[in-house]
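Q: Could you take me on a close look at the place where the ligand sits, and tell me which residues are around it?

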Amino acid sequence: MIRLSNKKILLCVTGGIAAYKTAELTRLFKKNLAEVRIIMTKSAQEFVTPLTLQAVSGNQVHYSLLDEEAELGMGHIELAKWADVILIAPCTAESMSRLAQGRANDLMSAVILASDAQLFIAPAMNVKMWEDKVTQMNLATLKSKDVLFIGPDSGEQACGDIGEGRMSEPDFIASKIAESFTSSLLNGKKILITAGPTKEAIDPVRYLTNKSSGKMGYALAEAAYLAGADVSLVSGPVNIIPFNGIKLININTADEMLAEVKALTDQIDIFIGCAAVADYKPVIFEKLKIKKTDDEEISLKLIKNPDILQYASDHMTDKLVIGFSAETDNVIENAKIKLLKKNLDMIICNDVLNKEIGFDSNDNEVHLITNDDVIKLSKTSKLKIAKQIIKSIELLIKT
Ligand code: C5P
């Protein structure tokens, strides 16, 4: 379940006896490093107190649509945007019915209507209610809207009846949510990704570097890992903790990055050069701090760094080699030239002058360029862009 780490799960609890199991469910999510926020309907609060779920989730429980204070904090639209997935557990027949109708008259239904996140429902109700024709029609309607159902299970129910309608057990629900974050697009593939800036020392206290935050490379590593790949990430100095399960190799300079890439060359299937490698480094590393003199001008002599992507393209001829191109003008034209010059399978380019999508921003907008195609990926989060890039890499493998 390691793949739940950093995932944002919005758990909605409705009024069924199985609500008592949501404390255990929340604990499981938290144990597997997910972030959990909870919405309770009014009737859910008859079965379990908000305080209990606040204690296990570590966050204040949300339950009111028309609460000014709550809306000032994390309002319903923020909650809708925050969630990576939304899970209703337990979900009553009444809640299923309201969702099938597209109602938005309480916090839970309003958030669900306003969210793009995948919705999961773990129904819990009496067997007769579950088998009722209208409930089954609501089930079909919700499935047609791409809602995914977990359970219900069969067995003895709280009311003594026997049949389908029991909420699935918390560990089963949690494992289904974890599975939803993984795909098998790159199952068994070994990927090497470079990320972040390099830092080229001038003397013991000074260095040359650039504005790269590493966010795009780390998002790619996460997306590749979630698609089943074995991921090695060779990274310059950044302030990001990589997704659990990714093999991180820290470096500072372009030479160190190249050495790590060389060491892994024979072991990988795909190379993605996302790092902003310094093109030049000081010719001489001064062992002692360079002193200030009376000279108005001094000069620093630079020498070209190795081109790591070019190395990969030259030495990984049977592998997929993908590069990035950060440009400030003629973005697509310049990237096409690099695609040919470096003999790449794909180049991904963006305009780094645009502050909303450039270095250090959370969003990106890129073009994926191959010999046959130019595909635009519109502005969205770097993780979403990364997932789309992984999909196109899978298509490249197939062709
Ligand atoms: O030619 P340019 O530096 O603009 O190409 C950018 C691409 O080349 C990126 O994928 C970057 O990671 C890679 N690169 C590299 N080594 C360098 C310079 C750039 O791997 N020394």
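A: Here is a walk around the ligand and its surroundings. This is a predicted model, in which local features need pLDDT of at least 70 and side-chain atom pairs count only at pLDDT 80 or more, while totals for chains, interfaces and linings use all residues. Residues are numbered from 1 along each chain as its sequence is written, and side-chain values use heavy atoms, with hydrogens and water left out.

Let's start with the shell, meaning residues with a heavy atom within 4 Å of the ligand. The residues are Gly273, Ala275, Val277, Asp279, Pro306, Asp307, Ile308, Leu309, Gly323, Phe324, Lys338 and Lys342. By class, six are nonpolar, two polar and four charged; here Ala, Val, Leu, Ile, Met, Phe, Trp, Tyr, Cys and Pro count as nonpolar, Asp, Glu, Lys and Arg as charged, and the others, Gly among them, as polar. Helix H12 (308-315) and strand S16 (320-327) each give the shell at least two residues; helices (H or I, at least four residues) and strands (E, at least two) are DSSP runs, numbered from the N terminus.

Now for the polar contacts, which are pairs of N or O atoms within 3.5 Å. A nitrogen atom of the ligand lies 3.0 Å from a backbone N or O atom of Ile308. For Leu309, a polar backbone atom is 2.7 Å from an oxygen atom of the ligand. At Phe324, a backbone N or O atom lies 2.8 Å from a ligand oxygen atom. Taken alone, the ligand exposes 440 Å², and the protein buries 85% of that, with areas from the Shrake-Rupley method and a 1.4 Å probe.

Conventions. A polar contact is a pair of N or O atoms within 3.5 Å; within protein, one must be able to donate a hydrogen and the other to accept it, and residues adjacent in sequence count only if both atoms are side-chain atoms.
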